[in-house]
Amino acid sequence: MSEQQPPFRAEHIGSFLRPQSLLDLRAKFGRGEIDRQELARAEDAAIKEALALQERVGLKLATDGEFRRRSYHSFFYRQLGDISIDTVGGEDAKGGDPGKRGSQPIALIGSRVQWKRPINVGDYRFLAANTGLLPKITIPGPCALHFRGGDAAVLASAYTDVDQFWDDTVEAFGKELKALADAGCRYVQIDETAFAKFGDPEVQAALRARGDDWSRLIDKYIAVTNRVLDEAPGTLRIGMHLCRGNRGGQWHSEGSYDAVADRLFNALNIPVYFLEYDSPRAGSFTPLRLVPPHKSVVLGLVSTKTATLEQKDALRKRLDEAARFVDFDRLAVSPQCGFASVDTGNPISPAAQEQKLRLVVELAHDIWGTA
């Protein structure tokens, strides 16, 4: 791993706790009490504060914290058509009881997937104009929509051919990545909610009940993702974050990476993996033995689901354990997920959020001499 190019030794996944003042203004906007310009000014100010936080703790990358969106999944896919990826019981999914399994969100596909205009280019340009850190743009995985609805959701009203759905998806993601690269973006993280969940027997059973062979679905999703990567401009450094769910401290699945590890690390053409490893639900580091020597791994050892601050010595021991399977030179550290995958956030305070980011940076300095 290069010390000047991503991934950096100290990383984070993307979203931050929204300031309450911004949430209040967004509620006012929803009620028609303020206009879009006033909300945008508040978003700009809040993002600048988030950039200052990232600079203050010593990170080399920066995101906008997802401050312009309720959730990045919902926002992104809604730009591609009459699509909702984030519903539970027909309504937008919300947080629940922290520490418990949450309901899997369901996708509703009311139109064909179509890229009409850049989705994240404005976000990139705002970051580039307001920080000297390297902007990182996060986008959903191209298979997330299908994973949450299956062929039934695809064929319900918008499509008569699943292959056409996949062609449209690949085209849309390819156009967005090209638009980002053309704007100057160099660092993109794909947030894939499917691969890490395939090892959960409950998820396997749910997929089987809707008519999907979960193992064949892995192969399909790898093939689709590789098609997107094949179209991506060579100037982009693309990593993939794998997640088992992160909504208000809840999670959606449990189980190790064993069921997907060989294909995930060797058949999928991703050079960087951001892996959730903050709890026993993720299993052991043993699957990392299958990571080929030209790929790197960012270990998500610090939890964003709880305010408890991890002990640096314990994290160092976990890194030592992981290094039995992947050389230290190909490892980095991060929180396991974002701090607020939806705008209501996880059950921690802004102070705890900053402590955890500082811990990641300090751990990286202790081990590699740099963040």
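The following questions and answers concern a predicted model and work through selected strands, a helix, loop residues and a cavity.

User: Which residue of β8 stands opposite D191?
Analyst: Strands β7 and β8 run parallel and are joined by six bridges. Within this pairing I190 stands opposite M240 in β8. For D191, the residue standing opposite in β8 is H241.

User: How many residues of β7 are buried, and which of them point the other way from Y187, Q189 and D191?
Analyst: In a regular strand the side chains alternate between the two faces of the sheet. In β7, six of the six residues are buried, so the strand is largely enclosed by the rest of the structure. While Y187, Q189 and D191 point one way from β7, the residues that point the other way are V188, I190 and E192.

User: Which residue stands opposite I139 in β7?
Analyst: Strands β6 and β7 pair in the parallel sense, and four bridges hold the pairing. I139 takes part in this arrangement, and the residue opposite it in β7 is I190.

User: What is the bridge partner of G239 in β9?
Analyst: Five of the six residues of β8 are buried, so this strand is largely enclosed by the rest of the structure. Four bridges join β8 to strand β9, residues 272–276, and the two run parallel. In β9, the bridge partner of G239 is V272.

User: What distance separates the end C-alpha atoms of helix α9?
Analyst: Helix α9 covers residues 214–231, and at 1.5 Å a residue its 18 residues should span 26 Å. The end C-alpha atoms agree with that expectation, and their separation is 26 Å.

User: Which residue caps the N-terminal end of α9?
Analyst: The contact runs from a side-chain oxygen to the backbone nitrogen of S215, over 2.9 Å. The residue that supplies this oxygen, and so caps the N-terminal end of α9 by a polar contact within 3.5 Å, is D213.

User: Against which elements do the buried residues of α9 pack?
Analyst: The buried residues of α9 are L217, I218, Y221, I222, V224, T225, N226, V228 and L229. An α-helix has 3.6 residues a turn, so residues three or four places apart point the same way. The buried residues of α9 pack against α5, α7, β7, α8, β8 and α10.

User: How far apart in space are I270 and L229, C-alpha to C-alpha?
Analyst: I270 lies in the loop between α10 and β9, and with a relative accessible area of 0% this residue is buried. Leaving aside neighbours within four places in sequence, I270 is in contact with L229, I238, G239, M240 and K295. Although I270 and L229 are 41 residues apart in sequence, their C-alpha atoms are separated by 8.0 Å.

User: Is T193 buried or exposed?
Analyst: T193 is found in the loop between β7 and α8. Not counting residues up to four places away in sequence, T193 touches Y72, H73, A144, F147, R148 and C243. Its relative accessible area is 6%, which falls under the 20% cut-off, so T193 is buried.

User: Which elements give two or more residues to the lining of the second largest cavity?
Analyst: There are two cavities of 30 Å³ or more, and the second largest has a volume of about 60 Å³. The lining of the second largest cavity consists of T63, D64, E66, R69, N120, D123, L127, K136, I137 and T138. The elements that give two or more residues to this lining are α4 and β6.

Note on methods:
Residues numbered from 1 in each chain as written. Predicted model: local features only at pLDDT ≥ 70, side-chain atom pairs only at ≥ 80, totals over all residues. Heavy atoms only, no water. Expected span 1.5 Å × (residues − 1). Buried < 20%, exposed > 50% of the residue type's maximum accessible area, 1.4 Å probe, protein only. Contact = heavy atoms within 4.5 Å. Polar contact = N/O pair within 3.5 Å; in protein donor to acceptor, adjacent residues only side chain to side chain. Pairing = 2+ DSSP bridges. 1 Å grid on protein atoms, 1.4 Å probe; cavity = no way out; pocket = protein on both sides within 12 Å on 5 of 7 lines; lining within 4 Å. Points joined across faces, edges and corners; volume = space filled by probe spheres on them.
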